[in-house]
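Welcome to a short set of worked exercises. Keep the viewer open and try each task before reading its solution.

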Amino acid sequence: MARREARWAYLFLAPWIVGFLIFYAGPMIASLWLSFTEYDVINPPEYTGLDNYRELMSDPAVARSLGNTVYYTALHVPLVMLISLGLALLLKRVGRLQGFFRTVFYLPVMTPAVAVGILFLLLLNTQDGLINRALGLVGIDGPSWTTDPHWVMPGIILMSLWSLGSTVIIYVAALQNVPRDLYEAAAIDGTGPWARFRSVTLPMISGALFFTLIVNTIASLQMFTEVYTMYFGNRETQNTFNSDAATFYVIHLFQEAFQFLHMGFASAMAWLLFVIILIITLIQVKLSNRFVYYEGEDK
């Protein structure tokens with residue numbers, strides 16, 4: 001009976017296993033091999049050893065794009081988490097309208113990434129953009145969001161807040177699972193709202209906070225579609241944009257692979273990003289042992 005159940009389990013798992021081997025494991029192994037070669041798609045790969053990785057360490061364009069990506073991640077992730085938590089706390093108080101507002105906050109997540117890039121290219125337009133018009137109503141001259149190198153990254157971060165709805169929904173669900181008797185006990189002890197938030201709410205939703213920290217960090221380090229649509233997929237923007245401020249790591253990887261046909265070098269870049277994400281995630285998991293509370297654990 002056990003063997004029969006195991007055979008049926010593997011049978012049902014077979015589509016996923018085959019898909020994983022073909023679309024994930026296979027390409028990963030191939031890219032690892034290509035990272036040690038010089039390959040331009042047209043000619044057969046030529047083994048070059050660690051040359052691509054040595055070039056990675058000395059290429060200023062790689063360092064610049066990685067710096068832009070880390071800078072964006074360091075600002076984007078805390079902002080998304082803080083704003084989402086604030087919105088989730090407000091949603092908890094709206095009563096019957098909570099379902100409506102949850103839908104409103106989540107709808108932007110369903111917007112295609114290319115459409116988001118085009119939308120914010122229009123919103124951030126220096127002359128006719130809605131954001132600069134709104135700033136003009138209060139007497140503020142809006143910056144050149146898409147052409148000034150100092151304002152490109154703030155504009156991208158502003159755009160990235162468009163899709164924080166999924167994080168809001170996760171926090172709302174976590175807040176609803178906090179036992180009310182904990183708040184009642186804290187109130188009996190005479191604690192104020194801030195003390196209850198710090199001592200009850202945050203520990204009880206720390207698992208959700210940790211999950212969104214990891215997910216948003218990984219997504220930020222792989223930022224591509226919206227920025228590429230705004231600054232590299234638009235001919236008008238390319239003609240007026242002469243800065244590397246919007247060159248993210250994955251965009252540079254894409255250019256090396258499909259614009260310059262440096263597939264071996266691009267594969268090495270991909271594996272460097274994989275290692276960076278792996279190290280950051282492992283550090284976050286290690287630190288979570290101190291800050292994340294899981295119900296049922298003995299502390």
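The exercises below deal with aromatic pairs, a serine and a helix.

This is a predicted model, in which local features need pLDDT of at least 70, side-chain atom pairs count only at pLDDT 80 or more, and totals for chains, interfaces and linings use all residues. Residues are numbered from 1 along each chain as its sequence is written, and side-chain values use heavy atoms, with hydrogens and water left out.

**Exercise 1.** Classify the ring pair of W16 and F20, and place both residues.

Step 1. Rings of Phe, Tyr and Trp (its six-membered ring) pair if their centres lie within 6.5 Å; planes under 30 degrees apart are stacked, over 60 edge-to-face, and the rest tilted. The structure holds 16 such aromatic pairs. For W16 and F20 the centres are 5.3 Å apart and the planes lie at 10°, so this pair is stacked.

Step 2. Helices here are DSSP runs (H or I, at least four residues), numbered from the N terminus. W16 and F20 sit four residues apart in helix α1 (residues 2–34), so about one helical turn separates them.

Step 3. Buried means under 20% relative accessible area, exposed over 50%, and partly exposed in between (1.4 Å probe, protein chains only). W16 is exposed at 59%, whereas F20 is partly exposed at 34%.

**Exercise 2.** Classify the pair of F224 and F254, then find its cluster.

Step 1. With 5.2 Å centre to centre and 50° between the planes, F224 and F254 are tilted.

Step 2. This pair links distant parts of the chain, 30 residues apart: F224 lies in the loop between α11 (206–221) and α12 (225–232), F254 in helix α14 (residues 249–259). F254 is partly exposed, at 29% relative accessibility.

Step 3. Ring pairs join F224, Y228, F232, F254 and F258 in a cluster.

**Exercise 3.** Describe the surroundings of S220.

Step 1. S220 belongs to helix α11 and is buried, with a relative accessible area of 1%.

Step 2. Its side chain reaches the backbone oxygen of N216 at 2.7 Å.

Step 3. Beyond neighbours within four places in sequence, S220 contacts (heavy atoms within 4.5 Å) T69, Y72, T73, H76 and V77.

**Exercise 4.** Check the span of helix α8 (residues 165–176) and find what its buried residues pack against.

Step 1. The expected span is 1.5 Å times one less than the number of residues. For the 12 residues of α8 that gives 16 Å, and the end C-alpha atoms are 17 Å apart, which agrees.

Step 2. The buried residues of α8 are G165, T167, V168, Y171, V172, A174 and L175. These pack against α3 (60–91), α4 (98–106), α10 (193–204) and α11.

How values were computed:
Helix = DSSP H or I, 4+ residues; strand = E, 2+ residues; numbered from the N terminus. Polar contact = N/O pair within 3.5 Å; in protein donor to acceptor, adjacent residues only side chain to side chain.
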